[in-house]
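The following exchange asks how particular labels for a structural model are justified. Each reply sets a computed value against its criterion and then concludes.

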Amino acid sequence: MTASHEPHSAHELEDLLRARRGRIRLCGSGSRQDRLPPPGDAAVVRLARLDAIHRLEPGDLTCSVGAGLRRDVLDEALHRVGLELPCAGGGTIGGLFAHDAVGASTAGGAQPRSLLLGLEGMLANGTRFRAGAQVVKSVAGFDVHKLLVGSNGRLFVAVQMHLRLRPRPRAEAWFRRDGLEAAAACAQFAALRALAVPPAELHLQRTGSQCVVAGRFAGRASFVAERLRRLALPEAEPWRTLHLEPDGSGEVLAGIVLPSRVPELLAALPALPFLLRGGGRFELATASPAASDAALGALAALGAHACVARGEPARRGRGTTLDPGAERLLAGLKRALDPDDTFV
Amino acid sequence: MQALERDLCRLLGAQRVVYEPDALLAWECDGFTVHRSRPRAVVLPDSTAEVQAIVRLLHAADVPFVPRGAGTCLSGGPTAAATTVVIDLSRMRRVLRIAVEDLFAVVQPGVVNLDLTAAVRHLGLHYAPDPSSQSVCTIGGNLAENSGGPHCFKYGMTQDHVLSALVVLPDGELARLGCEAGSRPPHALDLPALFCGSEGTFAIATEITVRLCRDQESVRTLLFAFASMSAACRTVSDVVAAGLVPAALEILDQATIRAVEASVYRAGYPPEAAAVLLVELDGPDFVTAEEAAEVRACGERHAALRIEEAVEPQERARLWKGRKGAFGAMGRLATDLYVLDGVVPRTRLEEALERIAAIGRRHGVVPNNVFHAGDGNLHPNISFDGRCPDQTARTIAAGHEILQLCVDLGGSITGEHGVGSEKLDHIGMMFSPADLDVMARVRAVFDPDGRCNPGKALPSRAGCAEVAKWPQMVARVLGVEDGA
Ligand SMILES: Cc1cc2nc3c(=O)[nH]c(=O)nc-3n(C[C@H](O)[C@H](O)[C@H](O)COP(=O)(O)OP(=O)(O)OC[C@H]3O[C@@H](n4cnc5c(N)ncnc54)[C@H](O)[C@@H]3O)c2cc1C
């Protein structure tokens, strides 16, 4: 049975890492573990107890939180002071950034990397380090903290994170158009993205041959009302679907594509369930590993990047070919920050 | 001429290699004029292939190099030691591609910031990061410094606008960081974010993909004049507390207002005001009108002496002229200008400004302030005569204390100008040896031999860094340190 640890403090975590021999799988709330390769014999270190809100400064639009803090708990605290963390995703805050599954919500929207101002981290040998700052602007030192985004816990532990916040919009309204043909849905999606002030969130989903375009306008009440009226968009319930579920022996690919290539993508991979967010990140459900491999080829031809997000454990993370120079740097960063390959 | 210079001439032609000592004067320093040093040579490539060939030659000869854009950096970033070759990218100034629907442009690194906006203006687009030096500085320099500007409060820094970069690594190999669709393929780390702000110490960017923003239907610029700096800062607090996110929130103090008004950057700011606040709002016309009314009410609550509102581009440009020209105007007051760049939590601006004035008094210098109030990013400017060692020493000592103050208040030693060579002695105020060691490890992944802009951004023995005592630093800067 794999060992499991749940440190209550940074000190406990440090002691644990210093004493520990062997591999480690970092885990927040565990909500994304089914998207990572299996931990094998690695000890699981759960960070959910590092869940303090250390600092919340509404006037500065910043806060510092333990990486194990749950998103919904942070949201509640922020709502009380009229603020929000303007990016989608649940689980723990550390997990949200380390996995970065959904990217920006809309054209030009905040990416998780823009919201992470700094962190206090720990290397696999227990060495503590800081990067970035608590303030909204700092270019001192290299931005090692940005390496948390997409690292899936394989480089270092984020212990405390400094985040940039935004005032909560005074009003918001969701809209939704159902039953669209792919071409009409793409045109609607592109038109909404092209607005000088696009919706704060934008989604396109294809199920079978039908598509839905949904989104959320946010801002002043007068602006939100004017947008729905002028664009003749029907108001709707909030959109909840951030991920696709694999079907039977099927897989889910997660990727990123240029919006202008979406019509070609839908045509090249007809009938596959597809979910796209306004920032360009998408998920695509395939019927089998072989279908995934074929889809990865088609996606690469469209200049998109994607990888297996859910499916057979051994296949998770397999994806389109990256630039060889970038591959070399990625491998170098892993060696530099986790030389013993402790974090899996 | 030495063998290396001969090889470089063979590669580029003699016109694009500079090695005569007098001709090298133009590359002797950047905007941080306290550090001066002539490089061994300067090369002016036109393409990625040429940069690669140059870097391979330098790699084979084990010669360090420094990438350089327009040289407007304010922290000594592109200033090169006598043994070092400068790779000047200012000839690589082509906009390679504009993708309107996907909202990005691919540019060479020497493209001037404002020229990019000029190239896409007819499409109703612009490039958002707007350092005050934007009519001169390059996108490559902006990327390397992670530059900001007045509109960062809403639109973010350069890092928030960079999607991808093609870089020449110090061994001459190429790497494409990120992807056009959104900076990070799902199975990769965010390499463009890491590269941004690396101050030319990782690699040379030769092609940069940046996000473009759509022009807004309406832009309103409001100018408030106040009888006290405190009233200006409190107005900013009220605007933020109201949940408004203006595109820009900028403050100039009285000395800066007067310097501006006495210069070619004259903007009609009232010289009797203790502070001027510029607020810019953008969005649909009816929205900016509603927001302007709210912002006005904030200013009125703090007894603004004067409020002006401009919507027409010409009028707005006039209001901005003073702010954008503030450094230039201050630069006319003495032979040298030390532009500081500390950050404090925005809610501590007032306290910080009072304590900065006290530091100035103690050292017999006058820090004048122009700053990004929304971000808490201060630019205390100290005019001094660099020919006078005593004035220089007092200026640097005051600067050192001001940066320590920023850190003590929970802020940073630099918000947008970088560490360069200027703040090597300050970085230990923010980071421990362990922190710096982690950063050094990351740098070594790109540049294991330390030949790319050596001696910048991180102390060379990062693990042993400590906060230098200011007299040591002054000695180093003045070149009277042991062995200098
Ligand atoms: C009057 C004035 C106003 C300013 N206002 C602002 C402001 O509002 N906000 C702000 O952030 N800054 C400001 N600056 C600072 C400066 O303009 C910025 O740092 C700018 O980004 C530097 O660009 P550059 O082309 O001049 O780069 P340089 O000064 O030539 O170089 C800067 C650094 O970038 C590296 N570099 C350059 N090109 C490349 C490349 N292609 N690849 C890798 N590394 C490279 C260099 O090695 C160096 O370390 C101001 C400066 C002045 C003089």
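A polar contact is a pair of N or O atoms within 3.5 Å. The model discussed here is predicted.

Q: What makes the approach of Asn142(B) to the ligand a polar contact?
A: The criterion is a pair of N or O atoms within 3.5 Å. A polar side-chain atom of Asn142(B) lies 2.8 Å from an oxygen atom of the ligand. The pair therefore meets the cut-off and counts as a polar contact.

Q: How do you know that the backbone of Ser132(B) also makes a polar contact with the ligand?
A: A polar backbone atom of Ser132(B) is 2.9 Å from a ligand oxygen. Since the limit is 3.5 Å, this pair qualifies as well.

Q: Why is the pair formed by Gly77(B) and the ligand counted?
A: Here a backbone N or O atom of Gly77(B) lies 3.5 Å from an oxygen atom of the ligand. The cut-off reads "within 3.5 Å", so the pair is accepted. As for the covering of the ligand, the protein takes up 95% of the 980 Å² of accessible area that the ligand has on its own.

Q: What makes a residue part of the shell that surrounds the ligand, and how many residues are there?
A: A residue belongs if one of its heavy atoms lies within 4 Å of the ligand. By this test 34 residues surround the ligand, and the closest are Pro67(B), Thr72(B), Ser133(B), Thr138(B) and Ser147(B). By class, the shell has 15 nonpolar, 15 polar and four charged residues.

Q: Which elements of chain B supply at least two residues of the shell, and which gives the most?
A: Strand E3 (65-68), helix H4 (139-145) and strand E10 (204-211) of chain B each supply at least two. H4(B) gives the most, with five residues.

Q: Why is the ligand said to lie between domain 1 and domain 2 of chain B?
A: Both domain 1 (3-88) and domain 2 (95-214) of chain B give residues to the shell, so the ligand lies between them.

Q: What makes E8(B) and E9(B) a strand pair?
A: Two strands pair if there are at least two bridges between them. Strand E8 (residues 162-168) of chain B is joined to E9(B) by five bridges, and the two run antiparallel. The requirement is therefore met. Within this pair, Ser164(B) stands opposite Gly178(B) in E9(B).

Q: Why is E9(B) called an edge strand?
A: The open sheet concerned has five strands in the order E5-E6-E10-E8-E9 (chain B), with antiparallel pairing. Strand E5 (95-99) and strand E9 (174-178) of chain B are its edge strands, as each pairs on one side only. Neighbouring strands of this sheet are turned by 10 degrees against each other on average, direction ignored.

Q: How do you know that E11(A) and E14(A) are paired?
A: The minimum is two bridges. Two bridges join E11(A) to strand E14 (residues 235-236) of chain A, running antiparallel, so the pair qualifies. In E14(A), Ala236(A) is the bridge partner of Trp174(A). Strand E11 (residues 171-180) of chain A also pairs with strand E13 (residues 210-219) of chain A over eight bridges, in the antiparallel sense. There, Arg177(A) has Val213(A) as its bridge partner in E13(A).

Conventions:
Residues are numbered from 1 along each chain as its sequence is written. Chains are lettered from A and ligands numbered from 1 in the order in which they are written. This is a predicted model: local features need pLDDT of at least 70, side-chain atom pairs count only at pLDDT 80 or more; totals for chains, interfaces and linings use all residues. Side-chain values use heavy atoms; hydrogens and water are left out. A polar contact is a pair of N or O atoms within 3.5 Å; within protein, one must be able to donate a hydrogen and the other to accept it, and residues adjacent in sequence count only if both atoms are side-chain atoms. Accessible areas come from the Shrake-Rupley method with a 1.4 Å probe; for residues, only the protein chains shown count as cover. Helices (H or I, at least four residues) and strands (E, at least two) are DSSP runs, numbered from the N terminus. Ala, Val, Leu, Ile, Met, Phe, Trp, Tyr, Cys and Pro count as nonpolar, Asp, Glu, Lys and Arg as charged, and the others, Gly among them, as polar. Domain bounds come from an automatic or database domain assignment. Axes are lines fitted to C-alpha atoms, for helices over the stretch in contact, and angles run from 0 to 180 degrees between N-to-C directions.
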